[in-house]
Every structure is written in C-alpha cells, then in structure tokens.
Amino acid sequence: MDDSKKTKHSKGKLVLIAACIIGTYAIIAAILLISSRVEKNEIFIQIFGEIVKIQSAPDSSSDIIGNALQGETFLLLDTVNDAHGYEWYQIPIGDKTGYIRCDLATIVE
C-alpha cells in the first residue's frame, strides 16, 4: 500500500474512532440526566389540550402568564386545590410559577 492510501486509511480510522467516542459521551450524558431525574423523583406533566392557558394562580380568573401547546412537557412542582375543589398542577414558567388545571394535562414519567 502506498503512503497516500495509508494516510487516507489512517484518517478514516481516526474519524471512526472520534465518532465512537462522541457517541459514547452522548449516551453517558443521557444516562446521567435520566438517573439524576430519577434520583430527584422529578415528575413531569404533558399537555393534551390543544392550547392551554397557564394561570398566575390556581384560579381560572387569575392572570394568564403564558400558553402551553399540546405535547409540551413541564416539571411538576406541586398539586393544589382551588376554592372550588378543582386540582391544579403547579409548574415553573420562566422565572415564575404557573398553574394548569389537571384535566388539561397528564402526569408522565
């Protein structure tokens, strides 16, 4: 094998090795992220309503601080009941806390 073919062959091996290393690091990062969520017992909710209002308090008449779209996922901070006995999910929304009625989202793990 001449030198140019050896160089191309060596470069190809290096690229393959680099891709394997990067892939391995990506898998390790994903495992660590998942395990950290499990250790923290983080629970998430997923929106199933088409467009859901995020309220500033667990009350339909409170200010709307955002909207959530179908399929979006949020960290569940707490569940609270309003004065009428309806359950609301408390979620982080930017630097604020928002509330979504529990009949518009489902808990996912």
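**Exercise 1.** Leaving aside neighbours within four places in sequence, with which residues is Ile-100 in contact? Place Ile-100 in its strand and classify its burial in this predicted model.

*Solution.*
Step 1. Ile-100 belongs to strand 7, which spans residues 96-101.
Step 2. Once neighbours within four places in sequence are set aside, the contacts of Ile-100 are Ile-45, Ile-47, Val-52, Lys-53, Ile-54, Ala-68, Trp-88, Tyr-89, Ile-91 and Ala-105.
Step 3. For Trp-88, a partner 12 residues away along the chain, the C-alpha atom is separated from that of Ile-100 by 5.5 Å.
Step 4. The relative accessibility of Ile-100 is 0%, and therefore Ile-100 counts as buried.

**Exercise 2.** Which residues form the largest nonpolar core, and which elements give two or more residues to this core?

*Solution.*
Step 1. The largest nonpolar core has 11 residues: Ile-45, Ile-47, Val-52, Ile-54, Ala-68, Phe-74, Leu-76, Tyr-89, Ile-91, Ile-100 and Ala-105.
Step 2. Two or more of these residues come from each of strand 1 (44-47), strand 2 (51-55) and strand 6 (87-93).

**Exercise 3.** Is Ser-62 buried or exposed, and what does its side chain approach?

*Solution.*
Step 1. Ser-62 is located in the loop that lies between strand 2 and strand 3 (64-69).
Step 2. The cut-off for burial is under 20% relative accessible area. Ser-62 has 15% relative accessibility and so counts as buried.
Step 3. Not counting residues up to four places away in sequence, Ser-62 touches Gln-55, Ser-56 and Ala-57.
Step 4. With Ala-57 there is a polar approach: a polar atom of the Ser-62 side chain lies 3.1 Å from the backbone oxygen of Ala-57.

**Exercise 4.** In which sense does strand 1 pair with strand 4, and how many bridges join strand 1 to strand 8?

*Solution.*
Step 1. Strand 1 and strand 4 (residues 73-75) pair in the antiparallel sense, over three bridges. Within strand 4, Leu-75 is the bridge partner of Phe-44.
Step 2. Strand 1 and strand 8 (residues 105-108) run antiparallel and are joined by four bridges. Here Gln-46 has Thr-106 of strand 8 as its bridge partner.

**Exercise 5.** Which pattern does the protein follow along the sequence, and what share of its residues is buried?

*Solution.*
Step 1. The protein has one helix and eight strands, and the pattern along the sequence is α-β-β-β-β-β-β-β-β.
Step 2. Of the 109 residues in the protein, 19% are buried.
Step 3. Among contacts with a separation of 6 or more, 48% are between residues 24 or more positions apart.
Step 4. The accessible surface comes to about 8,000 Å², and carbon and sulfur atoms account for 58% of this area.

Definitions and conventions:
Residues numbered from 1 in each chain as written. Predicted model: local features only at pLDDT ≥ 70, side-chain atom pairs only at ≥ 80, totals over all residues. Heavy atoms only, no water. Core = buried A, V, L, I, M, F, W, Y, C linked by side-chain atoms within 4.5 Å. Buried < 20%, exposed > 50% of the residue type's maximum accessible area, 1.4 Å probe, protein only. Polar contact = N/O pair within 3.5 Å; in protein donor to acceptor, adjacent residues only side chain to side chain. Contact = heavy atoms within 4.5 Å. Pairing = 2+ DSSP bridges. Areas by Shrake-Rupley, 256 points an atom, 1.4 Å probe, with all protein chains shown as cover.
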